[in-house]
Amino acid sequence: MLNGKRWVPWAGWAISLWPAFVIISSATWKLTRNAWYVGEFARIGWPDSALPLLAFLQLASLALFLIPRTAVLGAILLTGYLGGAIATYVRIGEFYPPLVPLSTSMTAWLGLFLREPRLQPALGIRDVGDRPAIDDLPFLHEQLRDATALVEPLRHEHDRRVRRR
């Protein structure tokens, strides 16, 4: 789909700069023990002694993300790290701060998707050329039929249990 377009990898690298900026800023605040950041960490339940380790995890994951051969591993590690940040805020009932790690993670994956053409087929995106997308319907029908066959016995068991009550 996007293979062969010379601007696509460059756009991916440009988009990847945003998560890099966010991660570097966060790690810098941790390593310099920025007063606001230390206070925020205490408020959400983290000891300030964890700041250097978290900064190292961020920077190591970012380095892997920026090296083309290890970019997918880096994106996975960044996603895990940022998922922990989301979970920390959700645990204390705050739903606005998670937008930063969520959008950072999503932007990292978008940038990587554009940088790394091998990811496109892994996500089911392929170049169909002149073939209309409707040709995929028989395949989808087979998948749906197979999934229905797997679920059908469970549905019957559920109906039988409900009738017993």
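**Reading helix faces, rings and contacts**

Author: Let's start with helix H3, where Leu-51, Leu-54, Ala-55, Gln-58, Ser-61, Leu-62 and Phe-65 are buried. Please keep in mind that we are looking at a predicted model.

Reader: Thanks! Where do the buried residues of H3 fall, seen down its axis?

Author: The general idea comes from helix geometry: an α-helix has 3.6 residues a turn, so residues three or four places apart point the same way. In this structure, the buried residues of H3 lie within an arc of 135 degrees when you look down the axis, so they line one face of the helix. The face turned away from that buried side carries Leu-53 and Phe-56, which are exposed. On the buried side, the packing partners are H1, H2, H4 and H5.

Reader: How does the reach of H3 compare with what is expected at 1.5 Å a residue?

Author: H3 has 16 residues, and the distance from its first C-alpha to its last is 22 Å, close to the expected 22 Å. You can run the check on H4 too: its 21 residues should span 30 Å at 1.5 Å a residue, and its end C-alpha atoms are 30 Å apart, which agrees.

Reader: Which residues of H4 are buried?

Author: They are Ala-71, Gly-74, Ala-75, Leu-78, Tyr-81, Leu-82, Thr-88 and Tyr-89. These cover an arc of only 145 degrees around the axis, which puts them on the same side of H4. That buried set packs against H1, H2, H3 and H5.

Reader: Now the core. Which residues of the largest nonpolar core touch the most other members?

Author: This core has 21 residues, and the ones that touch the most other members are Ile-23, Phe-41, Leu-54, Leu-62, Phe-65, Leu-112 and Leu-114. The elements giving two or more residues to the core are helix H1 (7–31), H2, H3, helix H4 (71–91) and helix H5 (99–115). H4 provides the largest share, five residues. For a look at one member, try Phe-65: leaving aside neighbours within four places in sequence, its contacts include Gly-74, Leu-78, Ala-108 and Leu-112.

Reader: On to aromatic pairs. How many does a search of the whole structure find?

Author: The search finds five. One of them joins Trp-18 and Phe-21, a tilted pair at 5.4 Å centre to centre with 35 degrees between the planes. As for how to read those values, a pair of aromatic rings is described by the distance of the centres and the angle of the planes. Trp-18 and Phe-21 both sit in helix H1, three residues apart, about one turn of the helix. Trp-18 is partly exposed at 47% relative accessible area, and Phe-21 is partly exposed at 49%. The rings of Phe-41 and Trp-46 have centres 6.3 Å apart and planes at 50 degrees, so this pair is tilted.

Reader: Which residues do ring pairs link into a cluster?

Author: The cluster consists of Trp-29, Trp-36, Tyr-37, Phe-41 and Trp-46. Within it, Phe-41 is buried, with a relative accessible area of 9%, whereas Trp-46 is partly exposed at 34%.

Reader: Where is Trp-46 found?

Author: Trp-46 is in the loop between helix H2 (35–43) and helix H3 (51–66). A useful habit is to set sequence separation beside spatial distance. Trp-46 and Thr-88 are 42 residues apart in sequence, with their C-alpha atoms 9.2 Å apart in space. Their side chains are joined by a polar contact of 3.5 Å. Not counting residues up to four places away in sequence, Trp-46 touches Phe-41, Leu-54 and Thr-88.

Reader: Is Ser-26 buried or exposed?

Author: Ser-26 has a relative accessibility of 9% and counts as buried. This serine belongs to helix H1. Its side chain makes a polar contact of 2.9 Å with that of Gln-58, one of the buried residues of H3. Beyond four places in sequence, Ser-26 touches Tyr-37 and Gln-58.

Reader: Last one, on the backbone. What is the phi of Arg-33?

Author: Here is the background: most residues other than glycine have a negative phi. Arg-33 is not a glycine, yet its phi is positive, about 55 degrees. Arg-33 is in the loop between H1 and H2 and is partly exposed, with a relative accessible area of 39%. You can also look at Gly-93, which follows H4 and has a positive phi near 85 degrees.

Conventions. Residues numbered from 1 in each chain as written. Predicted model: local features only at pLDDT ≥ 70, side-chain atom pairs only at ≥ 80, totals over all residues. Heavy atoms only, no water. Helix = DSSP H or I, 4+ residues; strand = E, 2+ residues; numbered from the N terminus. Buried < 20%, exposed > 50% of the residue type's maximum accessible area, 1.4 Å probe, protein only. Contact = heavy atoms within 4.5 Å. Polar contact = N/O pair within 3.5 Å; in protein donor to acceptor, adjacent residues only side chain to side chain. Core = buried A, V, L, I, M, F, W, Y, C linked by side-chain atoms within 4.5 Å. Expected span 1.5 Å × (residues − 1). Arc of directions from axis to C-beta. Phe/Tyr/Trp six-rings, centres within 6.5 Å; stacked < 30°, edge-to-face > 60°.
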